[in-house]
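Open the model in your viewer and get ready to select residues. This tour goes from one stop to the next.

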Amino acid sequence: MHPMVKPALRRGWRDLNTVQFGMTPAHAMTLGPMDTATGSFLELLNGTRGLPLLREEGRRMDLPDHHVDTLVERLAHAGLLDDTRGGGPAADALREKTDVLERLRPDLASLSLTTPGPGGALARLAARRALRVQVRGAGRVGALLASVLSGAGVGEVDVRDVGRVEPWDVAPGGLPAESLRERRDEAARAAVRRAAPGRPRRRSRPTGPTGPTGPTGPTEPTGPTGPTSVPTENPGLSLVILAPRDDVAVHTPDPLAAEPLMASGTPHLYAGVVEATGVVGPLVLPGETSCAGCLHQDRTDRDPAWPRLVAQWRSGQARRVGACDLALATAVAGLAAAHVLAFLDGESPSSAGARWEASLPGLTWHSRPVWPHPACACGAAERGNEEHSSTDGEPRETMAVQRPHTERRHQAGAERPTGTWRAHV
């Protein structure tokens, strides 16, 4: 291990004996009390020295070996250390692609704040290159979302759509004006290729922290609640994003359209814009979290006229151009991409079992839960009942329990950083 204090966290001294790592409440922590020698020793944790050399340097500063080891161990436990040579073979391969890694430096720095283990951030970034994602819909939201995922290091991003590029499809970062009248799917795939930091080499058995792999890619992509099966119709797909250009499909996703995904156990996420309202979610883990069918059943329970309205909307004449504000579409694409990347990295995004919505002009995001419905054939409600019964009265563990390490920190007041961690050294 070659430990390095994570450079993404700015450092400052609160007083003569206390150092603060980070500025924002989500990630800031303090370390202390600390003597002068230990404070100076922190400067040596820059990734250029292994533990033996650090112990030797510590002895020159009158710091015993056990003191150095304890300091490194506590910093690592708090998620403040990285390992410049860690992450495994996939990370080593990425280090050799210097041009790709330079493009992804900001993404790597961000991952270092949400990945506690030394070397874990680069391992996750490298693992993205072995993943396959499909985006269904190449409008203002879908095309940009696909490009963002490609630019963030996802190895293969496929885009599916029909028709040809119209003037109103053009958007910065998505479909360019030069693609007018081209096939939408081909134009979107070209945008994805332009956004990619590098073309990953296909490997028959890609490895990484996302779970076991098989001959066609990851066969058990790990999600918030564990491995999920891979679709038989699309071997190796880690996730499908449904970003339709039709505003009715955004507002009321058709459960029939998702049946193949449900049957194959393919995780999928809904995103889009309808009548100047941006929507992200739900993220569906088949059989585990609520789906489009649950959403439809719940709306029918609350509004008996709902099925009648849906039938009219779907059978009515489609609008030639929907109300899809460019800035709102960009915000939706960005938020959806962040949720996708969190899921691909093994975290539990808040869109699992919920829809995030924001409308113009207020743009206040609201999370609207989508509960598993007992009348839906997806089985999520039955699974929830089984988990509840197995606890014998104890609170049922849900996906929300799996929090990033930053959420385990103590919540403090305004006088000190939220989430302080104090270690006596």
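## Two helix pairs and two cores

Start with helices H2 and H3, which are oblique to each other because of the angle at which their axes cross. Keep in mind that this is a predicted model.

Select residues 51-60 for H2 and residues 65-77 for H3. The two axes come within 9 Å and cross at roughly 125°. The crossing is right-handed. Now show the side of H2 that takes part: Leu-51, Leu-54, Arg-55, Gly-58 and Arg-59. From H3, add Asp-65, Val-68, Asp-69 and Val-72. Colour this contact by class and you get four nonpolar, one polar and four charged residues.

Next, select residues 105-114, helix H6, and residues 120-128, helix H7. Their axes come within 8 Å, crossing at roughly 125°. H6 is therefore oblique to H7. This crossing, too, is right-handed. On H6, pick Asp-107, Leu-108, Leu-111, Ser-112 and Thr-114. They meet Ala-121, Leu-122, Arg-124, Leu-125 and Arg-128 of H7. By class, that contact has five nonpolar, two polar and three charged residues.

Now for the cores. Select Leu-145, Leu-149, Ile-241 and Leu-344. These have the most contacts inside the largest nonpolar core, a set of 38 residues. Several elements each supply at least two residues, including strand S6 (132-136), helix H8 (140-151) and strand S12 (237-242). Which helix gives the most to this core? H14 does, with 10 residues; select 326-344 to see that helix.

Last stop: another core lies apart from the largest one. This other core has 22 residues, among them Leu-42, Leu-54, Leu-80 and Leu-81. Leu-54 was also part of the H2 contact with H3.

Notes: Residues are numbered from 1 along each chain as its sequence is written. This is a predicted model: local features need pLDDT of at least 70, side-chain atom pairs count only at pLDDT 80 or more; totals for chains, interfaces and linings use all residues. Side-chain values use heavy atoms; hydrogens and water are left out. A nonpolar core is a set of buried Ala, Val, Leu, Ile, Met, Phe, Trp, Tyr and Cys residues joined through side-chain atoms within 4.5 Å. Buried means under 20% relative accessible area, exposed over 50%, partly exposed in between (1.4 Å probe, protein chains only). Helices (H or I, at least four residues) and strands (E, at least two) are DSSP runs, numbered from the N terminus. Axes are lines fitted to C-alpha atoms, for helices over the stretch in contact, and angles run from 0 to 180 degrees between N-to-C directions. Angles under 35 degrees count as roughly parallel, over 145 as roughly antiparallel, 65 to 115 as roughly perpendicular and the rest as oblique. A crossing is left-handed if the near helix is turned anticlockwise from the far one by less than a right angle, and right-handed if clockwise. Contact means heavy atoms within 4.5 Å. Ala, Val, Leu, Ile, Met, Phe, Trp, Tyr, Cys and Pro count as nonpolar, Asp, Glu, Lys and Arg as charged, and the others, Gly among them, as polar.
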